Amino acid sequence: MTAASPETITLWRPVGPEELALMEQAEMRAFPPRLPEQPIFYPVLTEDYAVKIARDWNVPASGKGYVTRFQVAADFLAKYPVQEAGGRDHLEYWIPAEDLPAFNAAIVGVIEVTASFP
């Protein structure tokens, strides 16, 4: 977990082209609502993990994958335990879909695209 300042935590999120387009409509300040079959929003704690998902999952599924980086208020994240998703290097927060509006409100600054694949 990388702290951007004492009050924020840096997170990453792999996204496909459709999700990125919706984020651009929100001026890169929010993630779009989850679909009915997506009950959890999962930002990840490391860039390496986000790259792996964007490259290995998003590209085969949609032709492109993007890695985003953003800051979230630490006090907001404090109520969510870090989850291990299949390995010690695969750490993420599990934010229930109904909490996504509050998560978006806790984003500090804009969401940046740091990598794209292929």
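**Figure 1. The whole fold, before we zoom in.** Helices (H or I, at least four residues) and strands (E, at least two) are DSSP runs, numbered from the N terminus. Read that way, this predicted model runs along its sequence as β-β-α-β-α-β-α-β-β-β-α-β, which comes to four helices and eight strands. The radius of gyration is 13 Å, close to the 13 Å that the globule rule gives for 118 residues, so the protein is as compact as a globular protein of that length. Its C-alpha atoms fill a box of roughly 35 × 35 × 30 Å along the principal axes. Of the 118 residues, 42% count as buried. Among contacts with a separation of 6 or more, 75% join residues 24 or more positions apart.

**Figure 2. A close-up of Glu-19 in helix 1.** Here we look at helix 1, residues 17-25, where Glu-19 has its place. Glu-19 counts as buried because its relative accessible area is 15%, and buried means under 20%. Setting aside neighbours within four places in sequence, you can find Glu-19 in contact with Arg-13, Pro-14, Phe-31, Pro-32, Arg-34 and Phe-41.

**Figure 3. Glu-27 and Met-28, with positive phi in the loop after helix 1.** Most residues other than glycine have a negative phi. Glu-27 has a positive value, near 55°, and Met-28 has one of about 60°. Glu-27 lies in the loop between helix 1 and strand 3 (40-41), and Met-28 lies in the loop between helix 1 and strand 3 as well. Their surroundings are worth a look: Glu-27 counts as exposed at 60% relative accessibility, whereas Met-28 counts as buried at 15%.

**Figure 4. Asp-56 and its polar contact in helix 2.** Asp-56 sits in helix 2, which spans residues 47-62. With 32% relative accessibility, Asp-56 counts as partly exposed. Follow its side chain to that of Arg-55, and you will find a polar contact at 2.9 Å. Asp-56 also links this view to the next one: Pro-118 is 62 residues away in sequence and 10.0 Å away in space, C-alpha to C-alpha.

**Figure 5. The cis peptide bond before Pro-118.** Pro-118 has its place in the segment after strand 8 (107-117). The bond to look for runs from Phe-117 to Pro-118; this peptide bond is cis, with omega near -5°. For context, most peptide bonds are trans.

**Figure 6. Surface and charges.** To finish, we step back to the surface, where the protein exposes about 6,300 Å², with carbon and sulfur atoms supplying 55% of that area. There are 9 positive and 16 negative side chains, and the centres of the two sets lie 4 Å apart.

Methods. Residues are numbered from 1 along each chain as its sequence is written. This is a predicted model: local features need pLDDT of at least 70, side-chain atom pairs count only at pLDDT 80 or more; totals for chains, interfaces and linings use all residues. Side-chain values use heavy atoms; hydrogens and water are left out. Buried means under 20% relative accessible area, exposed over 50%, partly exposed in between (1.4 Å probe, protein chains only). A polar contact is a pair of N or O atoms within 3.5 Å; within protein, one must be able to donate a hydrogen and the other to accept it, and residues adjacent in sequence count only if both atoms are side-chain atoms. Contact means heavy atoms within 4.5 Å. The radius of gyration is taken over C-alpha atoms; the globule rule is 2.2 Å times the number of residues to the power 0.38. Accessible areas come from the Shrake-Rupley method with a 1.4 Å probe; for residues, only the protein chains shown count as cover. Lys and Arg count as positive and Asp and Glu as negative; His and the chain ends are not counted. The place of a charge is taken as NZ of Lys, CZ of Arg, CG of Asp or CD of Glu.
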